[in-house]
Amino acid sequence: MNKTESKQAGSVRVLFVCLGNICRSPTAEGVFRAQVKKAGLDDRIEIDSAGTGAWHVGNPPDKRATAAAAARGYDLSPLRARQAVSEDFEQFDYVLAMDEDNLHNLKRLKQGGKASPELFLEAYGSLSAREVPDPYYGGDEGFELVLDLIEDAGRGLLRAIQKQL
Ligand code: 4NP
């Protein structure tokens, strides 16, 4: 087996999903990209994010999410919103929902495929929260909480994937 084949055989694809794909899931994408890069696994783990809703398709992340992430060293500026599609369950190994509503909508969207949608924090977080609260209609502190919860669960997810690779 050559190097390219072995890399493909051992690669993992992760999709983070929220409602609008402009606050929580792009934050998760940016944070997890940085965690994966720091671990030297950016050639083994592919990362994307999507929304269950279509309102913000094509838009960059919310300015508040981008600013809060940038203050912790994460760059969300290249990201653009897209809507989750049923094919995502074929393409991705992990489909990780930010809250129960997202999880419910993903279960309805799934027609087949290898990935089973999970609640990101419940599956991989070490803190007591099960959901990443929607920060859209709240203040700046909501975006800090989003980052705290996602940084923690991202570390748990990375450990789980490292065992599998
Ligand atoms: P997200 O936040 O799901 O974390 O991207 C939201 C963004 C937009 C809306 C709701 C939540 N919205 O109602 O437009």
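Which residues line the largest pocket? In this predicted model, the lining begins with a run along the chain, Cys18, Leu19, Gly20, Asn21, Ile22, Cys23 and Arg24, and is completed by Trp55, His56, Asp134, Tyr136 and Tyr137. The space enclosed here amounts to about 180 Å³. Sorted by class, the lining of the largest pocket comprises 7 nonpolar, 3 polar and 2 charged residues.

This pocket is not left empty in the model, for the largest pocket is the space taken by the ligand. Around the ligand itself stand Cys18, Leu19, Gly20, Asn21, Ile22, Cys23, Arg24, His56, Asp134, Tyr136 and Tyr137. Trp55 belongs to the lining of the pocket, but does not appear among the residues around the ligand. The shell around the ligand is made up of 6 nonpolar, 3 polar and 2 charged residues.

A closer look at the ligand brings out several polar approaches to its oxygen atoms. A polar backbone atom of Leu19 is found 2.9 Å from an oxygen atom of the ligand. Asn21 likewise takes part through its backbone, with an N or O atom 3.3 Å from a ligand oxygen. Tyr137, in turn, contributes through its side chain, where an N or O atom is 3.3 Å from an oxygen atom of the ligand. As for cover, the ligand taken alone exposes 350 Å², and the protein buries 91% of that area.

Attention can now turn from the pocket to enclosed space. Rolling a probe the size of a water molecule over the atoms shows where empty space is left. How many cavities of 30 Å³ or more does the count give? The count comes to 1 cavity, and the largest cavity holds about 30 Å³ of space. Its lining consists of Thr27, Ala65, Ala68, Ala69, Phe143, Val146 and Leu147. Two helices each supply at least two residues of this lining, namely helix 3 (63-71) and helix 7 (140-164). By class, the lining of the largest cavity divides into 6 nonpolar residues and 1 polar residue, with no charged residue. The lining of the largest pocket, by contrast, includes 2 charged residues.

How values were computed. Residues are numbered from 1 along each chain as its sequence is written. This is a predicted model: local features need pLDDT of at least 70, side-chain atom pairs count only at pLDDT 80 or more; totals for chains, interfaces and linings use all residues. Side-chain values use heavy atoms; hydrogens and water are left out. A residue is near a molecule or strand if one of its heavy atoms lies within 4 Å of it. A polar contact is a pair of N or O atoms within 3.5 Å; within protein, one must be able to donate a hydrogen and the other to accept it, and residues adjacent in sequence count only if both atoms are side-chain atoms. Accessible areas come from the Shrake-Rupley method with a 1.4 Å probe; for residues, only the protein chains shown count as cover. On a 1 Å grid over the protein atoms alone, a cavity is a set of points where a 1.4 Å probe fits but cannot get out, and a pocket is an open set with protein on both sides within 12 Å along at least five of seven lines; lining residues have an atom within 4 Å of a point. A molecule sits in a cavity or pocket if more than half of its atoms lie within 2 Å of its grid points. Ala, Val, Leu, Ile, Met, Phe, Trp, Tyr, Cys and Pro count as nonpolar, Asp, Glu, Lys and Arg as charged, and the others, Gly among them, as polar. Grid points are joined across faces, edges and corners, and a volume is the space filled by probe spheres set on the points. Helices (H or I, at least four residues) and strands (E, at least two) are DSSP runs, numbered from the N terminus.
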